[in-house]
Amino acid sequence: MKCQLIKQGYPQGSCFTEAGGEKLLACEATLKTTDNGLLRLVSAVHLSRPENYLSIYQSGCNFSCRKCHSWTFTKVAKGDWWSPSEVLKACKEYEKEVTLREPRGRATGFHAHDSCRCCGACVMHGKRSLLCPKVVQKDELLLSPQGWGPARNIVAFTGGDLTCCPDFYIECARLIKAETNLWVLIETNGYGLTPENLDALKEAGIDSFWLNIKAYDGTDHKWLTGCFNRNILKLPQEIVKRGFVLEVLSLYIPTLVETPQLKKIAQSISDVDLEIPFTILAFFPEYQMKRHRSPKTSEMVEAFIEVKRTGLRNVRLGNTGAFASSQEDHQLLRKRVGVGNY
C-alpha cells in the first residue's frame, strides 16, 4: 500500500506498528479493505470520562510519540475489526443513553467540564462537591468504565490517528449523520489533515476536531513524535475556515515543552480566533519518557497566566491530579487560575 500522504505530496508519518512479530505501516496493520468494505482495528468503544462522550479507541497511529499513554494499542496492533456499519450500531445504541444534548459549538472535550466534574459525589455521597457546575441532575449521570458523568450527544474517534487515510472516517461519519443526531468529533495529532483530507471530512459531515499540538519548536516536535510540525501549525486556520468546531490542547513537559512554547502555540491560535478553547495538559511519565517528571503546580499556573496574556478567552489546565496533590496546590489554583479553569 502506497502511503496516502506521499500520494498528496506530503512526508510519510512515523507510523510503524508492531503486528504479528513484525513492523508494518499503521495503515497496513490496522486498516484493511475486504469484500464487505473497509475495516478498522478498534481497541475499545465506551463512554469516556471526563469528556462524557462515546469514544472509539483506534489501534495504530501515524505518530510514534515517546510519551504516548495509549502505546499498548496504538503502537501494537490490538483489538477487533470494526466496519462502519458496526460503528453506526454502537452509536445508535449509545444515543439511547444520551442524557445531555449539546449544540454543535460545544461538540468538544473542553466543554464537558462546564456541566459535570465527573467526581460522582452526588451519586456516592448524596451531596454535590464544592466545584460542581450544578448543570446536570443525579438521575442524568451514568456509570462508565471511567467513572460517573452524563452522556453527551457526541461520538469521538480517539486513540491512534489515521486521518491520513480518511475513507474509514468518511464512511462512518456519513452513516452516523444520516441515522443519528450525534455530533462527530476526531481527536487528532493533525498530521493527516491535509487540505484535501479536510475537504473530504467536511463533506462527510465531521463536526469537530480536538487538535493535539505536541510542540511549537520543530526539532522538539520531531524528537517527541518522529515527525515535523510545519503543516500542523497551520491547521487552526485551515480547520476554522472550513466551518469545523476546533479545540486545541498541548502538554506541559518540563525541560522540553514549557511556558515559552505553549505561549507561542496559544498566540498562533489567538491569531485565528480568540474563542478557540485551549487546554494545557500536565505531562505524566509514560512509555519511553518514564524518567521525565510531571510539572509543578507553580509551573502550570505560570503557563496558564502567560497563555491568557495572548488574549485567548477559553483556557483550562488539565490532568490536575498529575501536579496538584496538596491543599496548598489547590489554594494556589483557586487563587491564580480560578474555579472552573482546571
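A residue is taken as buried when its relative accessible area is under 20%. F73 has 12% relative accessibility and therefore counts as buried. Y57, at 14%, counts as buried because its value also falls under 20%. H46 has 19% relative accessibility, so H46 is buried too. These assignments, like all that follow, refer to a predicted model.

The protein chain holds 12 helices and 14 strands. Of its 342 residues, 54% are buried. The radius of gyration is 19 Å, which agrees with the value near 20 Å for a compact globule of 342 residues. The C-alpha trace spans about 60 × 45 × 40 Å along the principal axes. Contacts reach far along the sequence. Among those between residues at least 6 apart, 71% join residues at least 24 apart.

Nonpolar side chains tend to be buried together in soluble globular proteins. Here the largest nonpolar core has 90 residues. Those with the most contacts inside this core are F157, F209, I239, F278, I280 and L317. A second core, separate from the largest, has 6 residues, including C116, C118, C122 and L141. Beyond four places in sequence, F209 touches I186, T188, L193, L198 and L201 among others. The contacts of F209 also include I239, F244, V245, L246 and E247. I239 thus appears both as a partner of F209 and among the residues with the most contacts inside the largest core.

Helix α10 covers residues 259-270 and has 12 residues. From first C-alpha to last, α10 reaches 16 Å, close to the 16 Å expected at 1.5 Å a residue. Its buried residues are T259, Q261, L262, I265, A266, S268, I269 and S270. Residues three or four places apart in an α-helix point the same way, because there are 3.6 residues a turn. The cover over the buried residues of α10 includes two helices, α8 (218-225) and α11 (297-308). Strands β12 (245-252) and β13 (278-282) also contribute to this cover.

The whole structure contains 5 aromatic pairs. One of them joins Y57 and F73 in an edge-to-face arrangement. The ring centres are 6.4 Å apart, and the planes meet at 85°. Y57 lies in strand β5 (residues 53-58) and F73 in helix α3 (residues 71-74). The two residues are 16 apart, and the pair links distant parts of the chain. F63 and Y191 form a tilted pair, with 5.5 Å centre to centre and 55° between the planes. F63 sits in the loop between β5 and α3, and Y191 in the loop between β10 (183-188) and α7 (195-204), so this pair ties together parts 128 residues apart in sequence. Both F63 and Y191 are buried.

Y57 is also a contact of H46. H46 belongs to strand β4 (residues 37-48). Leaving out residues up to four places away in sequence, H46 touches Y53, L54, S55 and Y57, as well as P145 and Q146.

Two charged side chains sit over aromatic rings. The charged end of K32 lies over the ring of W81, 4.4 Å from the ring centre. The charged end of R316 lies over the ring of F110, 4.2 Å from the ring centre.

Technical notes:
Residues numbered from 1 in each chain as written. Predicted model: local features only at pLDDT ≥ 70, side-chain atom pairs only at ≥ 80, totals over all residues. Heavy atoms only, no water. Helix = DSSP H or I, 4+ residues; strand = E, 2+ residues; numbered from the N terminus. Buried < 20%, exposed > 50% of the residue type's maximum accessible area, 1.4 Å probe, protein only. Contact = heavy atoms within 4.5 Å. Expected span 1.5 Å × (residues − 1). Core = buried A, V, L, I, M, F, W, Y, C linked by side-chain atoms within 4.5 Å. Phe/Tyr/Trp six-rings, centres within 6.5 Å; stacked < 30°, edge-to-face > 60°. Lys NZ or Arg CZ within 6 Å of the ring centre and 35° of its normal. Rg over C-alpha atoms; globule rule 2.2 N^0.38 Å.
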